[in-house]
Structure formats: C-alpha cells, structure tokens
Amino acid sequence: MQAFETDVQDRIIKLVQGILAQNSLSADVAPAARLVDIGLTSMDMVNLMLGVEAEFDFTIPQAEITPENFQSVETLLRMVLNQLQAVKVA
C-alpha cells in the first residue's frame with residue numbers, strides 16, 4: 001500500500017475510533033472489520049459520513065452513499081480514494 005493510501009486509511013480509522021469513543025466503546029478497528037460488528041449504529045454511520053466529508057474536504061455524491069461503501073474501513077478507503085482522484089482530475 002502506498003504511503004498516501006496508508007495515510008488516508010489511518011485517518012479513516014481515527015474517525016471511526018473517535019465515534020466509538022463518543023459512545024464509550026473501544027475496539028480494534030481492523031481495515032476489514034465490518035463497522036456494524038465493532039459497534040457503529042446507523043446514526044454513527046451518518047456521523048462518519050459527515051466526518052469523512054470534513055476530514056477530506058469533499059462532498060460524497062449521493063450515488064456513493066450506499067451501505068456497500070460504509071461496510072468497513074476498506075470499503076470506505078476505496079470510495080474516498082476514488083473521490084479524491086475525481087477531485088484531483090476536475
């Protein structure tokens with residue numbers, strides 16, 4: 001994994017850990033772990049979506065706000081990298 005991808009993944013993990021901490025939860029956030037399995041609720045997913053938008057300074061297109069993209073850190077990473085690439089090209 002490239003340094004840029006690792007940095008993006010680490011930032012996403014920190015966002016997830018922050019949301020868990022707000023709920024007084026602690027979990028090992030492995031990239032492949034399902035977010036619902038480590039304790040995130042549907043409201044937490046909304047907060048995560050907003051956190052990702054703020055952290056990476058872009059708006060997630062409506063078409064990308066899918067359960068598939070918010071299953072794990074890995075799926076979020078793919079979506080964020082695609083969006084960052086789209087912003088860079090534009």
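Let me begin with the term I will lean on most: a residue is called buried when its relative accessible area is under 20%, exposed when that area is over 50%, and partly exposed in between. By that scale Arg34, with a relative accessible area of 42%, is partly exposed, and please keep in mind throughout that we are looking at a predicted model.

Arg34 is a useful place to start, since its side chain meets that of Asp37 in a salt bridge, at 3.5 Å from N to O, and the partner, Asp37, counts as exposed at 58% relative accessibility. Arg34 also belongs to the lining of the largest pocket, together with residues including Leu35, Val36, Met45, Phe70 and Gln71. That pocket has a volume of about 180 Å³, and its lining divides into eight nonpolar residues, two polar ones and one charged one.

Turning to the salt bridges as a group, the structure holds three of them. In general, side chains of opposite charge can pair when their charged atoms come close. Besides the pair already described, Arg11 and Asp7 meet at 3.4 Å, N to O, and because these two are four residues apart in helix α1, they are separated by about one helical turn. Arg11 is partly exposed, with a relative accessible area of 25%, and Asp7 is likewise classed as partly exposed, at 37%. Glu55 forms a salt bridge with Arg11 as well, the closest N and O atoms being 2.7 Å apart; this pair links distant parts of the chain, with Glu55 in helix α2 and Arg11 in helix α1, 44 residues apart.

Which other residue pair should we look at across the chain? The C-alpha atoms of Arg78 and Glu5, which are 73 residues apart along the chain, are separated by 9.3 Å. Arg78 is found in helix α3, residues 73-89, and is exposed, with a relative accessible area of 51%.

On the surface, Met43, Val46 and Leu50 make a nonpolar patch of about 270 Å². Leu50 sits in helix α2, residues 42-56, and counts as partly exposed at 44% relative accessibility.

Finally, a word on the backbone. Most residues other than glycine have a negative phi. Ser24, however, in the loop between α1 and α2, has a positive phi near 60 degrees, and Asp57, in the loop between α2 and α3, has a positive phi of about 55 degrees although it is not a glycine. Ser24 is exposed, with a relative accessible area of 69%, and Asp57 counts as exposed at 69%.

Methods:
Residues numbered from 1 in each chain as written. Predicted model: local features only at pLDDT ≥ 70, side-chain atom pairs only at ≥ 80, totals over all residues. Heavy atoms only, no water. 1 Å grid on protein atoms, 1.4 Å probe; cavity = no way out; pocket = protein on both sides within 12 Å on 5 of 7 lines; lining within 4 Å. Points joined across faces, edges and corners; volume = space filled by probe spheres on them. Nonpolar A, V, L, I, M, F, W, Y, C, P; charged D, E, K, R; others polar. Patch = residues over 30% accessible without salt bridge, like charges linked within 9 Å, V, L, I, M, F, W, Y side chains within 5 Å. Areas by Shrake-Rupley, 256 points an atom, 1.4 Å probe, with all protein chains shown as cover. Salt bridge = Lys/Arg side-chain N within 4 Å of Asp/Glu carboxyl O. Buried < 20%, exposed > 50% of the residue type's maximum accessible area, 1.4 Å probe, protein only.
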